[in-house]
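This briefing sets out the structural features of one protein for computational work. It is arranged by topic, from overall composition to local details.

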Amino acid sequence: MKASSHQALPGSPARPRCDPAEGGGSASTGPGGGAPGAGGEGGGSPAVPWAEGGDGFGGVPPEALAPAAPGYWQEAWRRLRRNPLAMAGLVVSGLMVLAAAIGPVLSPYGYDEQVLAEANQPPSAAHWFGTDHLGRDILTRVLYGARISLAVGIMASLIGLTIGVAYGAIAGFYGGVVDNVMMRVIDVIYGLPFILYVVLLMVVLGPGLDNVFIALGAVYWTGMARIVRGEVLSLKQREFVLAARVMGVPPWRVVWRHLVPNAIGPILVTMTLLVPEAIFSEAFLSYLGLGVQAPIASWGVLAAEGNRALRAAPWALFFPATFICITMLAFNFLGDGLRDALDPRLR
């Protein structure tokens, strides 16, 4: 072997060097030579791609090669898609909203168009759901009634969202005497069934669609307030909230920028479950004659009219009642699926 031209420094152990001509590669990284220990024609241990300066394969950092972790909403959507009942509820709810939006427009009949010569006709090619005692097309009236019933459900949930989130967030954030007084008000409301309060309010306010909104919104916010209060009580002791308060962030900003956004999961679930509850309450009030009044056709009004003509035209009751049941089941399945998908403890 040819002697190496490299000389060891005084006081340091001599280290053998390999001559490139003998196939051992260069001692330093360079063109035509490999890094010490690199697996090449000269042998040695396999190279670690990120060993030199943190470079990955082809100079790419190793963290860039790993797939990005899914976010909170991506993971929630993945969980929701794996729930067949929740997806069925989502599809049915979307179809109901679509049918309510464009169904009456596409129908050749008006929802209040009367043809007495065609009264109480069974389902046929001309009238898929039959006609009522005044010869009105039931399919058109059911689709138009979907607008009223869904509007009641959505408006009641939005009112519950507005009042309940504000009420519960304030009670949970301040705690102490403020929390005790505010929650005792809710306990008084919970002392009697909600439907009784709604009936009493409708007796005082009188029947009508606007009064239905007011009556349901004045009662159905309490459940939302309790849930938001519980979430705020558990979140306000977290480090990010304590840090914001120490830095002098105003209380209202802490509530609306830090606490409420972190409770969005339970809020969405509660809103979804409020919709079918409000739809059923409106149907019950209209059935009693305290809700929407004729000629406006909500599902409750149609069910009341069908009940009076049950012997002559049972289909007049069957189809509105079926739509009420399907819509309530769809929103309940969707709400249960959202609860499972948005719960971080199930991730």
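**Overall composition**

Of the 347 residues of the protein, 37% count as buried. The model is a predicted one. The protein has 13 helices and 0 strands, and from the N terminus on its elements accordingly read α-α-α-α-α-α-α-α-α-α-α-α-α. The points below cover the annotated spans, the nonpolar core, the salt bridges, a nonpolar surface patch and a few loop residues.

**Annotated transmembrane regions**

- The unreviewed UniProt entry places the feature "transmembrane region" at residues 85–106, 148–173, 185–205, 259–279, 285–303 and 315–334.
- In the model, residues 85–106 are 100% helix and 0% strand, and the end C-alpha atoms of this span lie 30 Å apart.
- Residues 285–303 are 47% helix and 0% strand, with end C-alpha atoms 11 Å apart.

**Nonpolar core**

- The largest nonpolar core has 26 residues. Those with the most contacts inside this core are Phe129, Ile138, Val142, Leu150, Trp299 and Phe323.
- At least two residues of this core are supplied by each of α3 (84–106), α4 (138–174), α11, α12 (299–308) and α13 (315–342).
- Helix α4 gives the most to this core, namely 8 residues.

**Salt bridges**

- A search of the whole structure finds 9 salt bridges. In general terms, side chains of opposite charge can pair when their charged atoms come close.
- Asp132, Arg136, Arg141 and Glu305 are linked in a network of salt bridges.
- Within this network, Arg141 forms a salt bridge with Asp132, and the closest N and O atoms are 3.9 Å apart. Both Arg141 and Asp132 are buried.
- Arg141 also forms a salt bridge with Glu305, where the closest N and O atoms are 3.4 Å apart. Arg141 lies in helix α4 and Glu305 in helix α12, so this pair ties together parts that are 164 residues apart in sequence. Both Arg141 and Glu305 are buried.
- Arg226 forms a salt bridge with Asp187, with the closest N and O atoms 2.8 Å apart. This pair links distant parts of the chain, since Arg226 is in helix α8 (residues 222–235) and Asp187 in helix α5 (residues 176–190), 39 residues apart.
- Arg226 is partly exposed because its relative accessible area is 34%, a value between the 20% and 50% limits that bound this class. Asp187 is partly exposed as well, with a relative accessible area of 29%.

**Nonpolar surface patch and helix α11**

- Leu192, Ile195, Leu196, Leu200, Phe280, Phe284, Tyr287 and Leu288 make a nonpolar surface patch of about 710 Å².
- The elements that give two or more residues to this patch are α6 (194–205) and α11 (264–288). The largest share, 4 residues, comes from α11.
- Phe284, one of the patch residues, is placed in helix α11. Phe284 counts as partly exposed because its relative accessibility is 32%; patch membership requires over 30%.
- The 25 residues of α11 should span 36 Å at 1.5 Å a residue, and the end C-alpha atoms of this helix are 36 Å apart, which agrees.
- Helix α11 also appears among the contributors to the largest nonpolar core.
- Just after α11, Gly289 takes a positive phi of about 90 degrees.

**Loop between α3 and α4**

- Asn120 lies in the loop between α3 and α4. The phi of Asn120 is near 55 degrees, a positive value in a residue other than glycine. Most residues other than glycine have a negative phi.
- Asn120 counts as partly exposed because its relative accessibility is 26%.
- Gly110 is also placed in the loop between α3 and α4, and at 26% relative accessibility Gly110 counts as partly exposed.
- Gly110 and Tyr144 are 34 residues apart along the chain, and their C-alpha atoms are separated by 9.4 Å.

Key. Residues numbered from 1 in each chain as written. Predicted model: local features only at pLDDT ≥ 70, side-chain atom pairs only at ≥ 80, totals over all residues. Heavy atoms only, no water. Patch = residues over 30% accessible without salt bridge, like charges linked within 9 Å, V, L, I, M, F, W, Y side chains within 5 Å. Areas by Shrake-Rupley, 256 points an atom, 1.4 Å probe, with all protein chains shown as cover. Salt bridge = Lys/Arg side-chain N within 4 Å of Asp/Glu carboxyl O. Buried < 20%, exposed > 50% of the residue type's maximum accessible area, 1.4 Å probe, protein only. Expected span 1.5 Å × (residues − 1). UniProt positions renumbered as here; feature names shortened; annotations may be inferred. Core = buried A, V, L, I, M, F, W, Y, C linked by side-chain atoms within 4.5 Å.
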